[in-house]
Number of protein chains: 2
Amino acid sequence: MAQRGRPRSFDRTAALRQAMEVFWQKGYDNASMADLTAAMGLNPPSLYAAFGSKEGLFREAVAFYVETEGKGIWEEIAKAPTAREAVAHLLEATALAYTSGPEPRGCLIVLGAPQPECASPAIRDDLKKRRLDGVRILEERLERAVTDGEIPNHADCAAIANFYATVQHGLSIRARDGASRETLLSVAGCAMAAWDKLTT
Amino acid sequence: MAQRGRPRSFDRTAALRQAMEVFWQKGYDNASMADLTAAMGLNPPSLYAAFGSKEGLFREAVAFYVETEGKGIWEEIAKAPTAREAVAHLLEATALAYTSGPEPRGCLIVLGAPQPECASPAIRDDLKKRRLDGVRILEERLERAVTDGEIPNHADCAAIANFYATVQHGLSIRARDGASRETLLSVAGCAMAAWDKLTT
DNA sequence: CATTTTATGTATCGATTGATAAAATAAAGC
DNA sequence: GCTTTATTTTATCAATCGATACATAAAATG
């Protein structure tokens, strides 16, 4: 059954992608509705009808970001045969993703709303939760490695997970500062240099 | 010779400290003049007479931050007898500083204006320069360690400096997410676990 | 056809943004 | 005491903020 009423004249997904780019570049608070409507090619009423609010638009933009940019970074965590390969891939994929375009990128989830006093506490908390989810996913992968016998029992999985998550977050800052792909990859390599000592 | 005219009725340094706290909590863009005047206990004209503009106030706040919060973190870099101790102290002092209060802290220089499209490109670039200065200071300390014979010639000082700077930047994000002092110290320890492999 | 429903374009809402003009006030030099 | 200089208070500036009211356009339904 087809929709009633006048159909929308724009590609919702394409508009969402444009919104994601604006939020990625400016962050939640600094991205104005004027910026967003201009980039998306919409008038404000169309935007509000399709996405509800600036907050709703950002939530969808983040979900879209996770499904597109984030997928290649995190999906290998579970698939990799060893925790070491999982972590190494995470950092390398991060380095590649953060230097994929001409513009400074970094992670939308890390940089989208970094201030404790954000215009939208819900947005701030949502991004924070997503970041902490990343730490937890890492920790769970390491604990699985203990079960698998890859890592000894006495290894501090929480500490190791926190360490590699911290490195990954730091890569966002370095990427925004214009660090090259080679530099970020070398940082990933340096972080992996600690692996043996941390897991034996 | 004393000042002519009516002297100001407020403590300029105390007001600057209050402004620093507001910027630290909200970032440059999100801190409104209303926030600042309220925290500093001033009327707008007094603020503008004393600090010139929001941008000027932020610059002074950052300089004040470096002189107070940042001093204990970076001054040991040159003093420490070995590069290893210098880097270890940097990370540990960072972990302590970022968890010194009840509120999520992190670094003002890392988090004060993280967006590529900031309301003030000059502010954004100034903070970026300060971050890159940190990387350079680390690298120079490592190169000195090569000269001193602490580290072999073939060590990649730039890569190592980039790695530890990345960890330090990442600590700001983790601190904002509420990571405990013990967690941040353990991250610092994990980072130092890579030292031997990176320097031999 | 007319009716209903939804989307669009124009214009604008009250609130807040960074920043001042004008006037009142206070302290120093003469 | 008088002048000079600077600060403080009050009120407000134009611009922008996120979000809508309203009228019109385009599709499905009857």
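What follows is a chat about a predicted model of protein chains A and B with DNA strands C and D.

Visitor: Let's start with the DNA. How many residues surround strand C, and which are the closest?

Guide: In this predicted model, 21 residues surround DNA strand C. The closest are A:Arg6, A:Ser9, A:Asn43, B:Met33 and B:Tyr48.

Visitor: And which part of strand C is within 4 Å of the protein, sugar and phosphate or bases?

Guide: Of the strand C atoms within 4 Å of the protein, 75% belong to sugar or phosphate. The rest are base atoms.

Visitor: Which side chains have a polar atom by a phosphate oxygen of strand C?

Guide: A:Asn43 is one of them, with a polar side-chain atom 2.4 Å from a phosphate oxygen of DNA strand C. A:Ser46 is another, with a polar side-chain atom 3.0 Å from a phosphate oxygen of that strand. There's a backbone case too: an N or O atom in the main chain of B:Ala31 is 3.1 Å from a phosphate oxygen of strand C.

Visitor: Which elements give two or more residues to that surface?

Guide: Those are α3 (44-51) of chain A and α3 (44-51) of chain B. The largest share comes from α3(B), with three residues.

Visitor: What's the mix of residue classes there?

Guide: The surface near DNA strand C has nine nonpolar, six polar and six charged residues.

Visitor: OK, on to strand D. Which residues come nearest?

Guide: Strand D has 24 residues around it, and A:Arg4, A:Met33, A:Tyr48, B:Ser9 and B:Asn43 come nearest. Of the strand D atoms within 4 Å of the protein, 74% belong to sugar or phosphate, and the rest to bases.

Visitor: What does A:Arg6 do around strand D?

Guide: A polar atom in the A:Arg6 side chain lies 3.3 Å from a base nitrogen of DNA strand D.

Visitor: What about phosphate oxygens of strand D? Which side chains are there?

Guide: A:Lys54 is one of them: an N or O atom in its side chain is 2.8 Å from a phosphate oxygen of strand D. B:Asn43 has a polar side-chain atom 2.2 Å from a phosphate oxygen of that strand.

Visitor: Which elements supply at least two residues to the strand D surface?

Guide: α2 (33-40) and α3 of chain A each do, along with α3 of chain B. α3(A) gives the most, with three residues. By class, the surface near strand D has 11 nonpolar, seven polar and six charged residues.

Visitor: Switching topic. Where are the domains in chain A?

Guide: The domain assignment gives domain 1 (12-66) and domain 2 (69-198). Their centres, taken over C-alpha atoms, are separated by 26 Å. The contact takes 15 residues from domain 1 of chain A and 21 residues from domain 2 of chain A.

Visitor: Helix α10 of chain A next. How far does it reach from its first C-alpha to its last?

Guide: α10(A), residues 181-192, has 12 residues and reaches 17 Å, close to the 16 Å expected at 1.5 Å a residue.

Visitor: Which of its residues are buried, and what covers them?

Guide: The buried ones are A:Leu184, A:Val187, A:Ala188, A:Cys190, A:Ala191 and A:Met192. What covers them includes α6 (83-97), α9 (157-176) and α11 (195-198) of chain A, plus α9 (157-176) and α11 (195-198) of chain B.

Visitor: And what covers the buried residues of α10 in chain B?

Guide: The cover includes α9 and α11 of chain A, together with α6, α9 and α11 of chain B. The buried residues of α10(B) are B:Leu184, B:Val187, B:Ala188, B:Cys190, B:Ala191 and B:Met192.

Visitor: Can we zoom in on A:Leu171? Is that residue buried or exposed?

Guide: A:Leu171 sits in helix α9 of chain A. Its relative accessibility is 0%, so A:Leu171 counts as buried.

Visitor: What does A:Leu171 touch, leaving aside neighbours within four places in sequence?

Guide: A:Leu171 is in contact with A:Leu91, A:Thr94, A:Tyr98, A:Leu184, A:Val187 and B:Thr166. A:Thr94 is 77 residues away along the chain, yet the two C-alpha atoms are separated by 7.8 Å.

Visitor: Last one: why does B:Thr94 count as buried?

Guide: Because B:Thr94 has 0% relative accessibility, and buried means under 20%. B:Thr94 is in helix α6 (residues 83-97) of chain B. Beyond its neighbours within four places in sequence, B:Thr94 is in contact with B:Ile73, B:His89, B:Gln168 and B:Leu171.

How values were computed:
Residues numbered from 1 in each chain as written. Chains lettered and ligands numbered in written order. Predicted model: local features only at pLDDT ≥ 70, side-chain atom pairs only at ≥ 80, totals over all residues. Heavy atoms only, no water. Near = heavy atom within 4 Å. Polar contact = N/O pair within 3.5 Å; in protein donor to acceptor, adjacent residues only side chain to side chain. Helix = DSSP H or I, 4+ residues; strand = E, 2+ residues; numbered from the N terminus. Nonpolar A, V, L, I, M, F, W, Y, C, P; charged D, E, K, R; others polar. Expected span 1.5 Å × (residues − 1). Buried < 20%, exposed > 50% of the residue type's maximum accessible area, 1.4 Å probe, protein only. Contact = heavy atoms within 4.5 Å. Domains from an automatic or database assignment.
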